[in-house]
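Open the model in your viewer and keep the selection box handy. Each stop below names what to select, then says what is there.

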Amino acid sequence: MVSFSVINSLLSRRAVKYSSSIVLRRPYWLSSKLYYSIQVENRVQDKLVSVKWDDGKVTDYPHVYLRDNCRCPSCFDPQAQQRIISNPIYHNYTDAIVKTACMNENKDKLHLEWINDGEHTSSVFELDWLKAHRFTGDDKKDVHPIKRQLWGSEIQHDIPQFDFDRILNDKSELYRWLRCVMERGIALIVGLPKRAGQVEKVAAKIGHLRETIYGPTFHSQSKGDHVTTVTYKSGGLALHTDFPYYNNIPGIFMLHCVTAAKQGGESQFTDGFKAAEQLRASHPQYFKILAETPVEHEDTGTDSYEFSLTAEHPIIRLNENGNLKQIYYGDHTRTSRIDVPHYKLTDFYNAMTQFLRYAYSPANIIQFKLQPGTLISVDNFRVLHGRTAFVVSPDNFRHVEGGHVDWDGAISCMRVLEKELNIDYRTPNI
């Protein structure tokens, strides 16, 4: 049996002013309404419902997929936005068959009638939902929806800045800051009170602080050399990403300067993704080694509690498309165990050395002294940070407070703000 429906529906799409010069629109997964002129065919023998969209693309929805994703109240909880689990035995819908496929009277939903499905006789799908759930190959999805911007020393005096009070009180400013950290990997927040406790206030606008072995936040207060981690010592701290000895690494690192050292203590930052891309272009064999060789990191000691952590990661981690996903590097926590045969060690060291040459290149690295009342925020999956040495003395005191939040929480916050503020993430220069 074959049923056809030809639909022409004009559905409104709201647009609102978000900033002085940009009109932002809600992305499709937030139920924005588009103009659809489609054809629907139920191919019973193939167990497919074919939809030809207004852009000329055709999506074949298998009957089993449509049954598995039925949105009726007995299958899907609209408030929780989750499937309803009512039977400990999973229902196998491979034999599900759509009897008819047609549009409702308002011509904005697809109605399906099922054959021999017990008490479950029908399903209804909104066109927006169907279009948002085209399959791979039908509509290429963004692996990372917001494009990252690589940078070098040219941003030394042009690091994006955001106001502390506005981030706490203006949701649009909060979104711009989070988006900047995602796009650029680095951003300053200025105007903080010159006392501890401000990192927690910023994190609370996102969700929660990520507690680590150093507690909810950590304080480096010129503790001298009587500590169990070089992070708290006064010597220079090499470029690194935080917590490579964790399997689940915190995503955003924030450091608030309460008191700056009068001599030394300059912060250093480099875009690890830029260094990795330069390595891929100039020495692809070295890039491959760093992307495939597990390197062990370890941290053992006592801070907020006694701990002993060990994890293995390649220095460069790629996603399924071969694009950069994460940098894991901390020379002070790197162990002596390397998972390569002895005859390949020289190549590994050469690869790591070349990567660090790019990381420390004057064309890539930026260095400045973080001033009291200023917070630096960086993408800990991407940006390496370090510090120059400083002298500890009664009149040269340094106090910084640091903390972390997970990218899962930050991205969740961004999606909530996109929905609330009617923002289309694809709009550039927000």
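How many helices and strands make up the secondary structure of the protein? There are nine helices and 26 strands. Keep in mind throughout that this is a predicted model.

**The whole chain**

Start with everything shown. Of the 430 residues, 48% count as buried. Switch on a surface: the protein exposes about 21500 Å², and 49% of that comes from carbon and sulfur atoms. Then turn to contacts with a separation of 6 or more. Residues 24 or more positions apart account for 74% of them.

**The six-stranded sheet**

Select β12, β13, β24, β16, β26 and β14. They form an open sheet in exactly that order, and its pairing is mixed. Which strands stand at the edges? They are β12 (161-163) and β14 (217-220). Each has a single partner strand, so one side of each is left without a neighbour in the sheet. Look along the sheet: the twist averages 25° from one strand to the next.

Zoom to the β12 edge. Here β12 pairs with β13 (residues 186-190) in the parallel sense, over three bridges. Pick Asp163: its bridge partner in β13 is Val190.

Now add residues 171-184, helix α4. This helix packs on the sheet. Its contacts are with β12, β13, β16 (252-259) and β24 (374-379). The direction of α4 makes about 145° with that of β13.

**A covered strand**

Select residues 267-271, strand β17. Is β17 mostly covered or mostly open? It is mostly covered: five of its five residues are buried. In a regular strand the side chains alternate between the two faces of the sheet. Check both faces here. Ser267, Phe269 and Asp271 lie on one side, Gln268 and Thr270 on the other, and all are buried.

Next, bring in the partners of β17. Strand β23 (residues 366-368) pairs with β17 in the antiparallel sense over three bridges. Phe269 has Ile366 as its bridge partner in β23. Strand β25 (residues 383-387) also pairs with β17 in the antiparallel sense, here over five bridges. Pick Gln268 and find Gly386 of β25 standing opposite.

**Three helices**

Select α6 (residues 272-282) and α8 (residues 345-359). Their axes come within 8 Å and cross at roughly 125°. The two helices are therefore oblique to each other. The crossing of α6 past α8 is right-handed. Show side chains at the contact. From α6 come Gly272, Ala275, Ala276, Gln278, Leu279 and Ser282. From α8 come Ala351, Gln354, Phe355, Tyr358 and Ala359.

Keep α6 and add α7 (residues 284-292). These two pack at an angle of about 130°, with their axes 5 Å apart. That angle makes α6 oblique to α7. Which residues meet here? Ala276, Leu279, Arg280, Ala281 and Ser282 in α6 meet Pro284, Tyr286, Phe287 and Leu290 in α7. Leave Ala276 highlighted for a moment: this residue belongs to the α6 contact with α8 and to the one with α7.

**The three-stranded sheet**

Select β19, β18 and β22. They make an open sheet in the order β19-β18-β22, with antiparallel pairing. The edge strands, β19 (306-314) and β22 (334-338), each pair on one side only. In this sheet the twist averages 25° from one strand to the next.

Focus on β18 (residues 294-302) and β22. They pair in the antiparallel sense over two bridges. His297 has Arg334 as its bridge partner in β22. Bring α8 back into view. This helix packs on the sheet, touching β18 and β22, and its direction makes about 150° with that of β22.

**Two loop residues**

Finish with two backbone oddities. Select Asn116, in the loop between β10 (109-114) and β11 (122-126). Its phi is near 50°, a positive value in a residue other than glycine. Then select Phe243, in the loop between β15 (237-240) and β16. Phi of Phe243 is also positive, near 60°.

Is each of the two buried or exposed? Asn116 is exposed, with a relative accessible area of 77%. Phe243 is buried, at 5%.

Terms used
Residues are numbered from 1 along each chain as its sequence is written. This is a predicted model: local features need pLDDT of at least 70, side-chain atom pairs count only at pLDDT 80 or more; totals for chains, interfaces and linings use all residues. Side-chain values use heavy atoms; hydrogens and water are left out. Helices (H or I, at least four residues) and strands (E, at least two) are DSSP runs, numbered from the N terminus. Buried means under 20% relative accessible area, exposed over 50%, partly exposed in between (1.4 Å probe, protein chains only). Contact means heavy atoms within 4.5 Å. Accessible areas come from the Shrake-Rupley method with a 1.4 Å probe; for residues, only the protein chains shown count as cover. Two strands pair if DSSP finds at least two bridges between them. Axes are lines fitted to C-alpha atoms, for helices over the stretch in contact, and angles run from 0 to 180 degrees between N-to-C directions. Angles under 35 degrees count as roughly parallel, over 145 as roughly antiparallel, 65 to 115 as roughly perpendicular and the rest as oblique. A crossing is left-handed if the near helix is turned anticlockwise from the far one by less than a right angle, and right-handed if clockwise.
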